[in-house]
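Q: I would like to learn how to read the features of a two-chain model, step by step. Could you take me through one?

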Amino acid sequence: MIKKNYLLITPAIAVFIFLFVFPFIYFFMISLWKIKFYKLIRDYNLVNYNKAISNYIEIFITTYSVSIPVAIITTIIGFYYSYLARFKTGRYGLVMIFIALITLFGGYLMKIYAWKTILGNEGVINSILIYFHIIKEPLTFLLYTKVGLIITFVHFLLPFAILPTYASLRGVNANEIDSMKDLGAKFYHVQFMLFFQRCRIGVLASFVFCLLIVSGDFLTPFLIGGKITFIGNMIAPKFGQFFDWPLGSAMSFTMLTVSILIIAIVSYLFKLTDPK
Amino acid sequence: MKIQKNISIILAIILSFFLISPIFLVVLFAFTDRAIASFPIYNFSFKWWIEIFNHRQFLSCLNNSIIIGISVAVVSSITGTMAAIGLSKIPSKSASLILAIISIPIMLPPLVLGITLLTFYVSIGMKLGLHTVIISHLLFTQPFVILIIYSRMITFDYSVIDSARDLGASPLKAFFTITIPIIQPVVIGASLLAVALSIDDFIITFFTIGAGNTLPTLVFGMMRTSLKPEVNAIGTIILFMTISSSAIALWMTKYRG
């Protein structure tokens, strides 16, 4: 009987192994090879990693100087949104979650496009502000700047941050919060308890997801970032016009390693807030 | 206390507005006649809709998107339903471990997934095309499908199957006359979600399609050259397909996060 149950899982596992595990191992091996006259040479060494770090260090710094703030901001807003939906808005809370679910499953490219038209010099925000004579000249700090980039990322990732924190908050009873308040807890005590302790798994999941996705994105910086270049913008062309798979692969693995290190540090810091 | 409650509601409205308004604006500007998306809007028109239907590539891209979306949904609902049924019958600890492992591709940046698959297909000598996009999409639709059907299956009452078996139904007959009708709404819902995820995907499609185009890659091409307002019309079509299929999916599966 047990064998039959595992047999049912086999096709899904097969897809995972043949389309993810094998390609990923191969992709890692490429990072150790080199390229000569547009051909891959199987010559195992770490030259590409050296190049990835020394040539692109500044771009790595730019990438994480945006992705860490985005991950933190999105997680906090996402947590607060779930908190409002769970405890403060009654029946409207379900509508809030429905909005989050609807915006989750569609429109990656269209959201970026929408923000481009909202933030531009002749865009929605500037045209409204000029129409009502609030400003005379368009605000130029919105598009092709870090501000615009962060707004676009936070908007795109917010549903991904809301759902795991909301799932954690569903396990919290409103009575618990009331009794904390009766015992003299202030607003920030309650928030601290919920954010760091009761929702720890949801909050961490949202931070991890946001960090990995933002640090590996190349489309948003390309369309919204102006001169701001992410590491992804350097990786993508290595698989197209500037054929250099080994270096592109080494850059990808360097990026994943940095992200995982940041995640490890953040999870450690979260552990420190645990009173036990 | 009253003031605090009002502040909460105002914040909730502002945040919901922030989430939904960009999507709303794309749809709104698809029905205006101005070349630049800005306020105030003077005239509503179907100008851009007529233009996209005259666009050389539009219909073939729509066709490709639909072929990919439906194939991905069919395959991932089959592998997903089988896996979910299998997982619901094994201890929940190992089931959640397997679920977590299968979900790794969702956590990775799509760029990494896209280039990994591209290098793999090229190295094994597989020609790029719609079929490579379809199998690539399975990687990130399958985990969602399994998760949704699995959360239905763990509350499934297996005693009805046992009764059918006692009354002489073969295992296969019991499966098709009892299990399938009961879980059908969830399976259809989950596959609609797979359609939404597949039609919306740009990055993985971009790397694994080779020379062809889907609606998102067509939009990307248009966005790169200049801000053409037809983008709003095509975007509205993409949004309509993804949002309507996921809304129906959420309604059918009663999935609430």
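The dialogue below goes from one chain to the interface, then to a helix pair, the core and a single residue.

Q: Before anything else, what kind of model is this, and which elements does chain A have?

A: The model is predicted, and a reading of it can begin with the inventory of elements. Chain A has twelve helices and two strands, which follow one another from the N terminus as α-β-β-α-α-α-α-α-α-α-α-α-α-α. The C-alpha trace of chain A extends over about 70 × 70 × 35 Å along its principal axes, and 43% of its 276 residues count as buried. Among the contacts in chain A with a separation of 6 or more, 73% join residues 24 or more positions apart.

Q: How many residues of chain B are in contact with chain A, and which helix of chain B gives the most to that side?

A: The size of an interface is often given as the accessible area lost when the parts come together. Here the description is by residue contacts instead, with 72 residues of chain B meeting 66 residues of chain A. On the chain B side, helix α1 (residues 2-29) gives the most, with 14 residues, and this side as a whole consists of 54 nonpolar, 15 polar and three charged residues.

Q: At what angle do helices α9 and α12 of chain B pack, and are they roughly parallel or antiparallel?

A: A helix pair can be read from its angle and the distance between its axes. Helix α9 (residues 171-200) and helix α12 (residues 230-253) of chain B pack at about 155 degrees, with axes 8 Å apart. Because angles over 145 degrees count as roughly antiparallel, α9(B) is roughly antiparallel to α12(B). Their crossing is left-handed, and the residues making the contact include B:L193 and B:A196 of α9(B) and B:S246 and B:A249 of α12(B). By type, the contact residues are 14 nonpolar, five polar and one charged.

Q: Which residues touch the most other members of the largest nonpolar core?

A: In that core of 151 residues, they are A:C210, B:I149 and B:L193. Leaving aside residues up to four places away in sequence, B:L193 touches A:F105, B:F144, B:I148, B:S246 and B:A249.

Q: Why does B:S60 count as partly exposed?

A: A residue's exposure can be judged by counting its C-beta neighbours, and a residue is buried if 20 or more lie within 10 Å, exposed if 12 or fewer. B:S60 has 14 such neighbours inside 10 Å, so it counts as partly exposed. B:S60 belongs to helix α3 (residues 58-88) of chain B, and its C-alpha atom is 9.3 Å from that of B:G212, 152 residues apart along the chain.

Definitions and conventions: Residues numbered from 1 in each chain as written. Chains lettered and ligands numbered in written order. Predicted model: local features only at pLDDT ≥ 70, side-chain atom pairs only at ≥ 80, totals over all residues. Core = buried A, V, L, I, M, F, W, Y, C linked by C-beta atoms within 7 Å. Contact = placed C-beta atoms within 7 Å. Helix = DSSP H or I, 4+ residues; strand = E, 2+ residues; numbered from the N terminus. Nonpolar A, V, L, I, M, F, W, Y, C, P; charged D, E, K, R; others polar. Axes fitted to C-alpha atoms, helices over the stretch in contact; angles between N-to-C directions. Parallel < 35°, antiparallel > 145°, perpendicular 65-115°, else oblique. Left-handed = near helix turned anticlockwise from the far one by under 90°.
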